[in-house]
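Grab a pencil and work through these exercises with the structure open beside you. Try each task yourself before you read its solution.

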Amino acid sequence: MNKKIFLYLALILLALNFFCWKEVFSLTENNYLKVDFLDVGQGDSAFIETPEKHQILIDGGPTSAVLQKLSERMPFWDKEIDLIILTHPELDHMQGLIDVLQRYRADYILWTGILRETSEYKKWASILSQNSKKVIVVSAGTKVKAGNAEIDILFPFENLAGNEVKNTNDSSIVAKLIYGKESFLFTGDISSTAEKLLANSKENILSNVLKVAHHGSKYSTSDLFLAAVAPRIAVISAGVKNTYGHPTREVLQRLQNYDITTLRTDQSGDINFVTDGNSIYITLNYEIPEIP
Ligand SMILES: [Zn+2]
């Protein structure tokens with residue numbers, strides 16, 4: 001056999017092999033939506049992958065730790081994220097996104113457009129100005145469709161672009177991810193003040209999984225809000241032995257009063273949800289220590 005023919009044959013075989021693998025891959029993938037609450041220390045970051053492989057990142061945590069988490073979830077050649085959402089421009093949610101946007105392209109970046117005076121905010125604003133066509137200021141009413149999954153922006157009620165707000169936490173984007181019968185509520189760092197506004201609004205905040213606001217601060221996760229959201233599972237993103245004392249005893253008690261299964265990144269590391277729209281499956285990196 002001459003060398004050239006052999007090479008062609010090898011290439012065809014390789015291509016066939018690839019094709020077979022691809023088929024097996026798509027058969028085993030099913031229609032699962034993944035939501036990973038990333039252990040990024042004292043901050044927030046969640047990575048979502050839809051069945052159609054749309055990649056969505058909500059917040060980036062306080063350091064570049066999110067980069068490692070992404071590299072564990074995305075192939076090394078994939079440097080494009082479909083959607084990035086910054087709930088509010090505070091370091092513990094924003095810094096990791098600055099690092100991500102220096103290495104990855106984003107198709108869309110959603111945020112509230114509020115003004116701040118911090119040095120990290122200036123870095124963020126400068127990155128946005130380089131990506132201005134992809135930046136969208138959002139408020140309640142915006143919906144993002146990603147295949148059969150949908151993200152509804154429920155808060156802030158008004159467009160805050162260019163505003164200086166007194167309480168940055170209460171300007172946080174609150175977003176509900178819906179897939180089939182399952183739903184996840186992302187609350188940024190809102191306090192009970194914004195929670196009350198939401199609970200009394202026409203917005204449908206009922207959700208199966210609640211990302212507890214503000215890392216378990218006692219000024220968030222009010223009884224009123226828990227009753228209105230009625231989650232089965234709560235996720236708290238907080239750093240091990242953080243100086244704020246998050247999550248607080250008060251919030252853990254309130255969650256327990258409502259019989260809500262509570263998972264914590266400071267205890268379990270990354271908390272990974274998989275759902276087919278009917279049921280939710282959870283995998284944790286570490287065993288949850290028994291709570292006395
Ligand atoms: Zn925070």
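**Exercise 1.** Find what covers the buried residues of helix 5 in this predicted model, and work out which side of the helix they take up.

*Solution.* Start with the cover: it includes strand 8 (149–155), strand 9 (174–179) and helix 6 (223–229). Next, list the residues underneath. Helix 5 spans residues 192–199, and its buried residues are Ser192, Ala194, Glu195 and Leu198. To count as buried, a residue needs 20 or more other C-beta atoms within 10 Å of its own. Now look down the axis: these residues cover an arc of only 155°, so they sit on the same side of helix 5. If that spacing puzzles you, remember that an α-helix has 3.6 residues a turn, so residues three or four places apart point the same way.

**Exercise 2.** Strands 8 and 9 belong to an open sheet; write down its strand order and pick out the edge strands.

*Solution.* Going across the sheet, you should get 7-8-9-10-11-12-13, which makes 7 strands with mixed pairing. Strand 7 (143–146) and strand 13 (261–264) are the edges, since each pairs on one side only. From one strand to the next, the twist averages 20°. Now zoom in on one end: strand 7 and strand 8 run antiparallel and share 4 bridges. Here you'll find Lys145 opposite Glu150 in strand 8.

**Exercise 3.** Do the same for the open sheet of 8 strands, and explain why strands 6 and 15 have one side without a neighbour.

*Solution.* The order reads 6-5-4-3-2-1-14-15, and the pairing is mixed. Strand 6 (135–137) and strand 15 (280–284) are at the edges with a single partner strand each, so one side of each has no neighbour in the sheet. Ignoring direction, neighbouring strands here are turned by 15° against each other on average. For a parallel pair, try strand 4 (residues 80–85) and strand 5 (residues 105–111), joined over 5 bridges. In that pair, Ile84 has Ile109 of strand 5 as its bridge partner.

**Exercise 4.** Step back to the whole protein: how many helices and strands does it have, and where does pLDDT stay under 50?

*Solution.* Count up the elements and you get 8 helices and 15 strands. Of the 292 residues, 40% are buried. Then check the confidence: mean pLDDT is 91, with 88% of residues at 70 or more. Residues 18–28 fall below 50, and that stretch has 0 contacts in the model beyond near neighbours in sequence. Residues 288–292 also stay under 50, with 3 contacts beyond four places in sequence.

How values were computed: Residues are numbered from 1 along each chain as its sequence is written. This is a predicted model: local features need pLDDT of at least 70, side-chain atom pairs count only at pLDDT 80 or more; totals for chains, interfaces and linings use all residues. Two strands pair if DSSP finds at least two bridges between them. Helices (H or I, at least four residues) and strands (E, at least two) are DSSP runs, numbered from the N terminus. Axes are lines fitted to C-alpha atoms, for helices over the stretch in contact, and angles run from 0 to 180 degrees between N-to-C directions. A residue is buried if 20 or more other C-beta atoms lie within 10 Å of its own, exposed if 12 or fewer, and partly exposed in between; C-beta atoms are placed from the backbone. The arc is that of the directions from the helix axis to the C-beta atoms. Two residues are in contact if their C-beta atoms, placed from the backbone, lie within 7 Å. pLDDT is the predictor's confidence in each residue, from 0 to 100.
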